[in-house]
Amino acid sequence: MAFPSALFIFVLPLFLVFSPTLSTNSEGNALHALRSRLFDPKNVLQSWDPTLVNPCTWFHVTCDSNNHVVRLDLGNSNISGSLGRELGELKHLQYLELYRNNIIGKIPKELGNLESLISMDLYGNKFEGKIPKSFAKLKSLRFLRLNDNKLTGSIPRELTKLSNLKVFDVSNNDLCGTIPVDGPFGSFPMESYANNKLKGPELKGLVPYDFGC
Amino acid sequence: MRKAMGNLHVATLLSFNFWLLIVQFQLCHTQKIYSNTSCIERERKALLKFRESLIDESHHLSSWCGENCCSWEGIGCSKSNGHVVKLDLHNQFPFDPSRYFYDVIYANSYSTTCLGGEISPSLLELEHLQYLDLSMNNFSGIPIPTFLGSLRNLRYLDLSSAGFEGMVPDDLGNLSRLKYLHLGDTPQGWSFGSDFTLTAKDLWWIAKLSSLESLDLSGVQIVNKGDWLHAVNMLPSLLSLTLAGCDLKTIPPVSHINFTSLTSLDLKGNGFSSPIPLWFSNMTSLMNLHLEGNYFFGPIPDSLLQLTSLTLLHLSSNSFRTSLPDSLCNLSSLAYVDLSFNHFQGSLPVCLGKLSSLTILHVHSNEFSGTIPTSLGQLTKLQRLRLADNPFTGMLSDFHFANLRELKILDISSTLLSWNVSSMWIPPFQLQYIHMGSTKLGPPFPSWLQTQREVNTLIMSNASISDTIPDWFEKVYSQIHYLDLSTNNITGKPPVFKEINTFDRLIIFYSNKFEGSLVSFPPNAVAFDASRNLLTGNIPPLDGNSEIPLILRYLHLNDNQLTGSIPDCICNIQSLFTLDLSNNQLTGRVPLCLGKLQQLKTLNLRNNSLSGHIPNSLGYMEPLVYLLLSKNKFHGELPWKMQNMKNLQVLDLGENGLSGILPAWICNGLSNLRILRLQSNNLEGNISMQFCHLKDLQVLNLAHNKLEGKIPTCFGNLSAMVSTESDITPFAFYLTRHPQKLSNFMKGRELEYSTNLPYLRSLELSGNNLVGEVPEELMDLVGLQSLTLSNNHLSGRIPDKIGNLKQLESLDLSRNELSGSIPLSLSTIDTLSYLNLSFNNLSGRIPTGNQLQTLNDPSSFEGNSGLCGKPLLKTCPDDKSPDGNKSSGRHEAGEESYFSWFFAGIGPGFAVGFSAVCGILTFKKSWRYAYFQFMENVYNRLWLAIALKTSKLQRKFSRCI
C-alpha cells in the first residue's frame, strides 16, 4: 500500500491549493449558470469565481449591504449566447443591464420574478420570441428598454398594470398588433414603437388588440 | 534516480510479471558469477580509472581497494575466466517521490547518495561485461557515452533515471546481444518532469537489437517518430515495451505485429488521439496494458475484450465517453482496473462481482450513475475501491462490503451515495484510507468507524456532520497522517493529538464549531488548520523537549477568538511557510524574534488588537510575499528595515495608528509591490513621485491619512493600472489553503476580495488634505475599476477624458471643491455601477446616456447647487422644449412631465373660463340679452345653411341615380 499513500501525499499539497471553499449562494450559482451560457471573448466575466461565498466581488456585479445582488452591469461587453431561467433567482436585482451585446434566444419568462427590478435594459441584442407577459409582475419597473432586437408578437396588455413604468421602448423589433393606451402607455412617445409591424393605437371597444397579429 | 519508485509498486500486481522477467534473466546470467575469484589486473586498473572520474560523495565505492576487484561493491566476475562481467552501481537509497519533492532534508540526503561525474572510456577494458547498471544516479546532464556501443557482450544495460541528457547514441544499436535496455527517465511516466531529457532521432537503431526482451525508453523524445511502431515491430522477442511519455502522438497503421509474445505494454502519456487499434487483439499474452494519459476515445473495442490474460487495464485520463460492456467481465484475470478521469457513462455492470481476482477498481471522476451493484461485496480480494466524483445514487449497505476483507482504500467522495448500515455494523475490513468528503454522512459520526484501527487518512470534509467528537474517535485518529474534518458542524473540544512516528501529518478541521482552547499543536504536523472555529484561550506553547525537528509549514488559526499574545516560541517553527492568526483577539506586541522565520512567505495578523511598533526585524524576512498587519493598534513609524523585503507583493498596514512621513523608500525597496494599503493611519507629508515607479502596483490605498499636496501627475505611469489585459499573472498563493482576503472600499462599501484580488485595480486617496486638480494623467489608468478621491480639497474641473476609464465600476469624487460641468464622456463608461459626485461646486446639466440613466439616485449629485436635470428635481434653464432632443428624449422620462403639465393646465383653464362667462351672464342683464340674441342668430343662420346644402345634395344624388 506504499504506492497509493505516497502518491496521495504527493498530490495532497495540490489538493490543498485547489480545493475550493464551498459556495452555497443561490445568487452566485444563478450568475455562474448565466456565465456558462455566455460566450465571453473579452473575458469580462473572468472574475466570476463560483467558489466565493457570494458574488459581491465579481466585477460587473453589485450587491447591497446584505450581500444580495442588486445590479448586473454587462452593457456593451461583447458577450453572446443566451439567457436562462436561472436569472429569475436574483430576487433582489434592481438593474439588469445587458444592452448592446449579441445575446440570442428568448427572453426567459422567469425575468418576471425579479420583483425588485427598476430597470431592465435588453436593447441592442438579438432576442427573439415574445415579450413575456410575466413582466406584468415587475411592480417597481420604471425603465423597460427592449428596442433593437428581433422580438415578435404583440405588446402584452398585462404590461399596462406597470404603474411605475416611466420609459418604455420597443422600437426596431418585429412586433405586431396594436399599441396599448391604458395605464402608463398613455404617455409614451410614438418613437418608442417605431419600426415594427404595429397597427397604431388600440381603439378601445372596437378592435381586439391582437387583431390581425 | 527514480527506479526505487518503481519498487514501491512491486507489492502490487502491476509490474509482477515484468519483475519476473528480470529475476529469470538474472538467474540465467548470474549463476556463473562469483565474487571471490581474484580479478584480472588490467580490469582492476580500468575500474580504478573508472572510479577516478566519478563523483562519489557518500563513498559508495570505498570498498574499491585491494587486489581482488571481484569482491568490490557492485562488481561481479565470471567464475570460468575471472573477467568482470557485472558492474551494478545503481543507487540503492530508497527513492520516495513524496519526500523528494517536499522534504528538503530528504531530497538533499538523497542527492548526496547519487554518483556523478564522468563515465571513463576505461570501461572498454571490461570486454566481457554483460551487465551494466548505473540507474538512479545523477550524472548532471552528460550525454550517454558513445563507446558503450562497443561493449559487445552487454546483455543488460540500465541507464534509466541517471541524469543523462542529449542524443541517445545510435551505436547502442550495435549491442546485438542486448536483452534488457532501459534508458527511460520516468518510471511514473508522464506525471513527473525531469531536469534532463534524452533525445533520439528515430527508433531504427533499436531494430537491430533482435534479442531484446525488455525495452524502456520512457521520456525519451523521438524526433522522427512517424514510424516508431515499424521499428519496434522488428523485435519479435519483446516481452515488455515501455514508451511512456515519449510524445509519440500517433499510432501508425501496421498490417500485422511481430511482438506477439508481449506481456507488458506501456504507452501512457503519448497524446494518442484515436480509438484503440485493432491489432491489440494479437498480443494474446498481454497481461499489463497501460494506456493512461492519452486521448483514446470510442467504445472499449472487442480487440481488447479478447485479451483474456489481461490482469492490468489502465485507461485512466483518456476521452472515453461510453458505457462499460458486460463482456468486460469475461476478462476473468483482471486484477487492476483503472478507468478514472474519463467520461464513462451508465451504471457499473452487475457482473463486475464475477471478477474474483480484482484487487483494484478505480472508476472515479467519470459520469457513471445509478446505484452501486451489491455484487461488489463478493470481490474478496478487493483492496482499493474508488467510486468518487460520479453521480452515483442510492444507499451503501453492509451487502456492498459483505466479503471485502482485504479492502484498504475506500473513496466515495463527491457522490450522491448515502449509508444504510446499522449502528452495530462491524465491517469485515480494516481501512487505511477513507475519503467520504462531500457526501451526506452525518449528522452523527458514522459509528462503524470505531472498528477501524489502521486508518492513516480520513477525510470527512463537508459531510453534514453535526455532532461532538465521540470518545472512541481518539483511537481511530491517534495514528492518523491526514485528518480532514473541515466544513461540518462539529462541536465540543477540538481533538488532541499524540506524537506518532511519521514525518508529514496534515490536520485540518477548519469551519466547524470547535470551542475551548487548543492544548497543543499536533506533533509531526506539516499543516495544521483550525481556522474558522470558536476556539478561545491562548496560542498553545510548543512542546519544548521535542527532539524531532519542527516541520510545520502551514499554521492557520485565523477566524477564532484566541486571546493573549503571540508567544515567542512561534519563532522556533522555522519551517513555517504560512502563519495566519488573523481575525482573533490577540493582544500585546509582535515578537521581535519573528524575523527568524526565514522561510515565511505569508504572515497574516490582520484584525487583532496587537500594539506597539512594527518590529524592524520583520525586514529580515526576505522571502515574505504577503504581510498583512491591518486592523490592529500598531503605532510609530514604518520600520525602515522593511525596504529589504524585496519579494513583498502585498503590504497591508491599514487601520492602525502609524504615524510619521509617508516613506518614499517603499517605492525603491519594495519594487514588486502589487497591493499597498496604508489607509486609516496618521501618515503625513506629500505623496512622493517615487510611487510612480511601482510598475506592478494595482491597488493603492492611502485613504484617511493626513497627506497633503497634489496628486502626482506621474501616477499615469502606474502601468499595472493601465493594463486592461485580462490574462494578468495571478498571485501565487503559496499553498495557502484559504486565499488571503483583503477588503477594498468600492461602490460605497467595504468589499472583501480574495480570489478576485489579482484582477482588482483600485486607487483610493480619499480623506486626506490633497489639493490641486485631478491630474489629467489619472485618466490614462484605463484598467482602474475603482477611483476614490473623495473628501479632499481637490479643485478645478473633472477631466474631460474621464470616459477613458472604460473598466470603471466605482467613481467617487464627492466632497471636494470640483467645479465646472460633468464631462459628457462620463456617459460612455458602460461598466459604471456606482457614482458619487455630491458636495462639490459642479454646475450645468447632468449628462445622460446608456449607463448613466441607470445611475438615477439623486444623492449621487446632491450638494452641487449649479447642477440640473435628471435625476435631480431641478430642471435646467434650457429645458423649455425638452422633447426637442428626440434621440435622447426617447430614453428619458423628460417629456412625460411636460405632457402632464400641459394636460394638467387644460382642466383649470376650462373651469376658470367657463365660470367667468356663466357668472357674467347671470349677473349682467344687458350682456345676457345680447348673448342669447347672438346665439339665436347664429343658430338660425346655421340651420338655414344646412337645410340649403342638404336639398342641393339630394338633388345631385337623385340626378346621378
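## Two annotated domains

Let's start near the beginning of chain B: an unreviewed UniProt entry places the feature "domain: Leucine-rich repeat-containing N-terminal plant-type" at residues 42-78 of chain B. In this predicted model, the C-alpha atoms at the two ends of residues 42-78 of chain B lie 15 Å apart. Helix makes up 30% of that span and strand 19%.

A second feature, again from an unreviewed UniProt entry, is "domain: Disease resistance R13L4/SHOC-2-like LRR", placed at residues 239-452 of chain B. Here the end C-alpha atoms are 42 Å apart, and the span is 2% helix and 15% strand.

## A glycine in a loop

Now let's visit a single residue, Gly346(B). You will find Gly346(B) in the loop of chain B that links strand S17 (336-338) to strand S18 (360-362). Is Gly346(B) buried or exposed? Its relative accessibility is 28%, and because buried means under 20% and exposed means over 50%, Gly346(B) counts as partly exposed.

Which residues does Gly346(B) touch, once neighbours within four places in sequence are set aside? The contacts are Glu367(B), Phe368(B) and Ser369(B). Ser323(B) is worth finding too: Ser323(B) and Gly346(B) are 23 residues apart in sequence, yet their C-alpha atoms are 5.3 Å apart in space.

## A three-stranded sheet

Further along chain B, three strands form an open sheet in the order S26-S28-S30, with parallel pairing. Its edge strands are S26 (491-492) and S30 (534-535) of chain B, each of which pairs on one side only.

Look next at S28 (residues 513-516) of chain B: two bridges join S28 to S30(B), and the two strands run parallel. To see this pairing residue by residue, find Glu515(B), which stands opposite Leu534(B) in S30(B).

## The nonpolar cores

The largest nonpolar core has 236 residues. Which of its residues touch the most other members? They are Leu87(B), Phe473(B) and Phe715(B). Helix H6 (residues 228-232) of chain B supplies the largest share of this core, namely four residues. Another core, of 63 residues, lies apart from it, and its members include Phe59(A), Cys63(A), Tyr626(B) and Leu757(B).

Phe715(B) is a good place to pause. Leaving out residues up to four places away in sequence, Phe715(B) touches Ile687(B), Phe691(B), Cys692(B) and Leu700(B), along with Leu763(B), Leu765(B), Leu778(B) and Leu781(B).

Terms used
Residues are numbered from 1 along each chain as its sequence is written. Chains are lettered from A and ligands numbered from 1 in the order in which they are written. This is a predicted model: local features need pLDDT of at least 70, side-chain atom pairs count only at pLDDT 80 or more; totals for chains, interfaces and linings use all residues. Side-chain values use heavy atoms; hydrogens and water are left out. Buried means under 20% relative accessible area, exposed over 50%, partly exposed in between (1.4 Å probe, protein chains only). Contact means heavy atoms within 4.5 Å. Two strands pair if DSSP finds at least two bridges between them. UniProt positions are given in the numbering used here, feature names are shortened, and annotations may be inferred rather than shown by experiment. A nonpolar core is a set of buried Ala, Val, Leu, Ile, Met, Phe, Trp, Tyr and Cys residues joined through side-chain atoms within 4.5 Å.
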